[in-house]
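Q: Could you take me through the aromatic pairs in this structure, and the helices around them? I would like the geometry and the cut-offs together.

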Amino acid sequence: MFDHVDLPVTDLAVSATFYRAALAPLGIEQGHVSDASAEFGALSLVARPPREPMHIAFIAERREAVGEFHRTGLEAGGRDNGRPGLRDHAPGYFAACLLDPDGHNIEAVHRSPETRTRWTWLGIGIP
């Protein structure tokens, strides 16, 4: 659905450290980095003050990765915004949320294979 997302951050170095730790269990590594941005796949952290907090949810291939995301994100300075567990949003929706250094709500989600297949079939985003 998206090619890329720019996420404004106050302190690029602090945020990049957080995202390197939190996204590693999801298989997302830091790519290009400069004084103005740091890329993590389709997510680009950009050095400019955020106007308001955003919510971004990442796909987790395994439920265990959701827990690892939460644990490593907390260790890297994130704040708990929802411990790993099933949610009422949809059948099989297993997620955890963290607040990053700027207060953005960052989520890791593992959904049932049936849900992912249905979304792909409907053409709403998940290949």
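A: Here is a close look at the aromatic rings, followed by the two helices.

A quick word on conventions: this is a predicted model, in which local features need pLDDT of at least 70, side-chain atom pairs count only at pLDDT 80 or more, and totals for chains, interfaces and linings use all residues. Residues are numbered from 1 along each chain as its sequence is written, and side-chain values use heavy atoms, with hydrogens and water left out.

A pair of aromatic rings is described by the distance of the centres and the angle of the planes. Rings of Phe, Tyr and Trp (its six-membered ring) pair if their centres lie within 6.5 Å; planes under 30 degrees apart count as stacked, over 60 as edge-to-face and the rest as tilted. Searching the whole structure on those terms gives 2 aromatic pairs. One is F18 with Y19, edge-to-face, at 5.0 Å centre to centre and 90° between the planes. In the other, Y19 meets F40 in a tilted arrangement, with 6.2 Å centre to centre and 45° between the planes. Because Y19 lies in helix α1 (residues 12-23) and F40 in strand β2 (residues 37-40), this pair ties together parts that are 21 residues apart in sequence. Helices (H or I, at least four residues) and strands (E, at least two) are DSSP runs, numbered from the N terminus. Ring pairs thus link F18, Y19 and F40 into a cluster.

How buried are these rings' residues? Buried means under 20% relative accessible area, exposed over 50%, partly exposed in between (1.4 Å probe, protein chains only). F18 and Y19 are both buried, with Y19 at 0% relative accessibility, and F40 is buried at 2%.

Now to α1 itself. This helix has 12 residues and reaches 16 Å from its first C-alpha to its last, close to the 16 Å expected at 1.5 Å a residue; the expected span is 1.5 Å times one less than the number of residues. Its buried residues are L12, S15, A16, F18, Y19, A22 and L23. They cover an arc of only 165° around the axis, which puts them on the same side of α1; the arc is that of the directions from the helix axis to the C-beta atoms.

Helix α2 (residues 63-75) has 13 residues and reaches 19 Å, close to the 18 Å expected. A65, V66, F69, H70, T72 and G73 are its buried residues, and what covers them includes α1, β5 (79-80), β7 (94-99) and β8 (105-110), where contact means heavy atoms within 4.5 Å.
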